[in-house]
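Okay everyone, thanks for making time for this one. Have a look at the sequence and the structure, and then I'll walk you through the parts I picked out.

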Amino acid sequence: MVNELLKVDHHKVARARELAKQIALDIQREIEQVTTVAIERTVARLFGIDGTDGAGVPLPNVIVDQVDQAGQLHRGLAFWLANAVVALGKTPQEVAEACAQGLSICALEAQDPIRIEQVMQDCTRRALQTIARQRQRREELKAELGTGSEPLKYVIVASGNIFEDVKQAQAAARHGADIIAVIRTTAQSLLDYVPYGTTTEGFGGTYATQANFRLMREALDEVSVELGRYIQLVNYCSGLCMPEIAAMGALERLDMMLNDAMYGILFRDINMDRTFADQHFSRMINAYAGIIINTGEDNYLTTADAYEKAHTVLASNFINEQLALQAGLRRWQLGLGHAFELDPKMTNGFLYEVAMAQTIRQIFPDAPLKYMPPTKHMTGDIFLGHVQNAMFNLASVLTGQSIHLLGMLTEAIHTPHLSDRILSLENARYIMENARDLGREIAFRPDGIIQKRSEEIVRETVEFLEQVAAMGLKGAISAGLFADIKRSPAGGKGRDGVVKKGLDYVNPIMDALQREQASAPAGKGGSFDGTGN
């Protein structure tokens, strides 16, 4: 239960949610008019298509690109694929392989609509049943083994070699990590395809592939049994392949996925239409799979001042909450982001940080908030860095955060060594255990610095959301209201992969997920039978 240490104006919070819902609905109306090459490749993957052609091009790309180049993607890949299955008597995988050998899928004669519909429903049912089994297995393992106590300690591995990452991840778990994130190799978010197979080379991270997901999940299951504690796995379904990677994560039982269109727009210059549409489908998949999403508001504070622009983080939390709920995610799946990025030289900076963290915690009591460590003001002084991380750890346990990405004393120097992670885990464990119930033992002065700062943030957030609602989210982004970065609504990478839906467009995966989410009991976000009924 969240401790109500601050007096938060519930009328202002309600107004903020009302404005955020209006903003999200405006975007949703645009999302529903288009599909993208990534959405259609996701359908291909969930229908069972995998592997590459002779040139190493992923087969989902081969078949979707062919339909797109024929000018027929507006109808949806599912129709063309199912039509080919009926016409040729082949599986979806075999159809994709035939396309790689020269088959023109859109030139096939139209088949019986009833048989086409049956193929689509059969493929959809098999995909959702597989995801449902993985979700059920996660819940069984959590019930059997348990998880760590919150704040859950989240550690990154990123050697570039998945086999080395496995060793480092298991070692981190043995030293107290509850969550392992395999950070993606630099700029993978800008690849308009998903690499295939296990990978051993990557700069600044490791490639996100289905084979890599599977290998790491198996390794963490092994160490989970050894430790008697379920270790959770994180990767990134952001960038130009958001829904594809979400599907891969659902099939391989990832537990959390970084998932935020705003991050892609602002920090990777991805086209707005493309990434908002991709985000919606990816979040529908995450919702059904029982995966917790992590949003990227913490990044705003790396380019904008953490004190002056704190309200933009909270405003984005409100918007992300509404976009997520529209995709079928439940509040317990919303790992909304914020960060400890105030200048450490600021007088009473820790009090201002506690005000921000506690305000967000009370406004989103059911969300597994993700709290990010200091990075912007890390100087390379490892001793000062260790103290900054200690203050971050104290703020986190004091305000009851859920997902706690460990700060590294060597931030701004190099990719952390295993020894760096162990020191950070020891720092967090020491502080969090020694101050475990501090938040239940204290109260904030009604006229004090923390209370007044909280009131200021909430007031500025409502004013900011009023401005965003008047301009529209795209207009606000183009004006640089978030992260002090301006992006053009018509620009950005991946724009050529956006296709306006035809009147005969069909996506049976999306349709089934919508039915599942509409019928799910509150708090569940999808049943486990995978029927789509």
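Let me start with a bit of vocabulary. When I sort residues by class, Ala, Val, Leu, Ile, Met, Phe, Trp, Tyr, Cys and Pro count as nonpolar, Asp, Glu, Lys and Arg count as charged, and the others, Gly among them, go in as polar.

Next, what you're looking at is a predicted model. The mean pLDDT of the protein is 95, and 97% of its residues reach 70 or more. There is one stretch to flag: over residues 523-533, pLDDT stays under 50. The model does have 39 contacts for that stretch beyond four places in sequence. Still, where pLDDT is low, the predicted coordinates should not be read in detail.

Okay, pockets. The largest pocket has a volume of about 1200 Å³. It is lined by 44 residues, and the closest to its centre are Ile 156, Ile 183, Tyr 236, Asn 299 and Met 372. Which elements give two or more residues to that lining? Those are β2, at 152-157, α10, at 261-268, and β9, at 370-372. Of these, β2 gives the most, with four residues. Sorted by class, the lining of this largest pocket comes out as 20 nonpolar, 16 polar and eight charged residues.

Now the second largest pocket, which has a volume of about 550 Å³. Here we have 30 lining residues, and Glu 150, Arg 361, Gly 400, Gln 401 and Ser 402 are the closest to the centre. The elements giving two or more residues to the lining are α14 (349-363), α15 (382-399) and α17 (438-441). The largest share, three residues, comes from α15. And here's that vocabulary again: the lining of the second largest pocket has 14 nonpolar, ten polar and six charged residues.

Let's go to the cavities. How many of 30 Å³ or more does a search of the whole structure find? The search finds three. The largest cavity has a volume of about 80 Å³. Among the residues lining the largest cavity are Leu 301, His 338, Glu 341, Tyr 352, Met 356 and Arg 453. Both β8, residues 337-339, and α14 supply at least two residues of that lining, and α14 has the largest share, with three. So you've now met α14 twice, in the lining of the second largest pocket and in the lining of the largest cavity. By class, the largest cavity has seven nonpolar, one polar and three charged residues in its lining.

The second largest cavity has a volume of about 40 Å³. Its lining includes Ile 162, Tyr 207, Phe 213, Met 216 and Leu 254. The elements that give two or more residues there are α8 (210-227) and β4 (232-236). By class, that lining has eight nonpolar, two polar and no charged residues.

Stay with β4 for a second. Gln 232 sits in that strand. Is Gln 232 buried or exposed? Its relative accessibility is 3%, and the cut-off for buried is under 20%, so Gln 232 counts as buried. Leaving out residues up to four places away in sequence, Gln 232 touches, among others, Lys 142, Asp 178, Arg 217 and Asp 255.

Two helices to finish. Helix α18, residues 449-471, has 23 residues and reaches 33 Å from its first C-alpha to its last, close to the 33 Å expected. Remember Arg 453 from the lining of the largest cavity? Arg 453 is one of the buried residues of α18, along with Ile 457, Phe 464 and others. The buried residues of α18 pack against α1 (10-31), α13 (310-326), α14 and α19 (473-478). After α18 comes Gly 472, with a positive phi near 85°.

And then helix α4, residues 77-88. That one has twelve residues and reaches 16 Å, close to the 16 Å expected. Ten of the twelve residues of α4 are buried, so this helix is largely enclosed by the rest of the structure. Phe 79, Trp 80 and Leu 81 are among those buried residues, and they belong to a set that packs against α2 (37-46), α3 (59-69), α5 (92-100), α6 (113-145) and α20 (508-519). Right after α4 you'll find Gly 89, whose phi is positive, near 70°.

That's my tour, thanks for listening.

Definitions and conventions
Residues are numbered from 1 along each chain as its sequence is written. This is a predicted model: local features need pLDDT of at least 70, side-chain atom pairs count only at pLDDT 80 or more; totals for chains, interfaces and linings use all residues. Side-chain values use heavy atoms; hydrogens and water are left out. pLDDT is the predictor's confidence in each residue, from 0 to 100. Contact means heavy atoms within 4.5 Å. On a 1 Å grid over the protein atoms alone, a cavity is a set of points where a 1.4 Å probe fits but cannot get out, and a pocket is an open set with protein on both sides within 12 Å along at least five of seven lines; lining residues have an atom within 4 Å of a point. Grid points are joined across faces, edges and corners, and a volume is the space filled by probe spheres set on the points. The expected span of a helix is 1.5 Å times one less than its number of residues. Buried means under 20% relative accessible area, exposed over 50%, partly exposed in between (1.4 Å probe, protein chains only).
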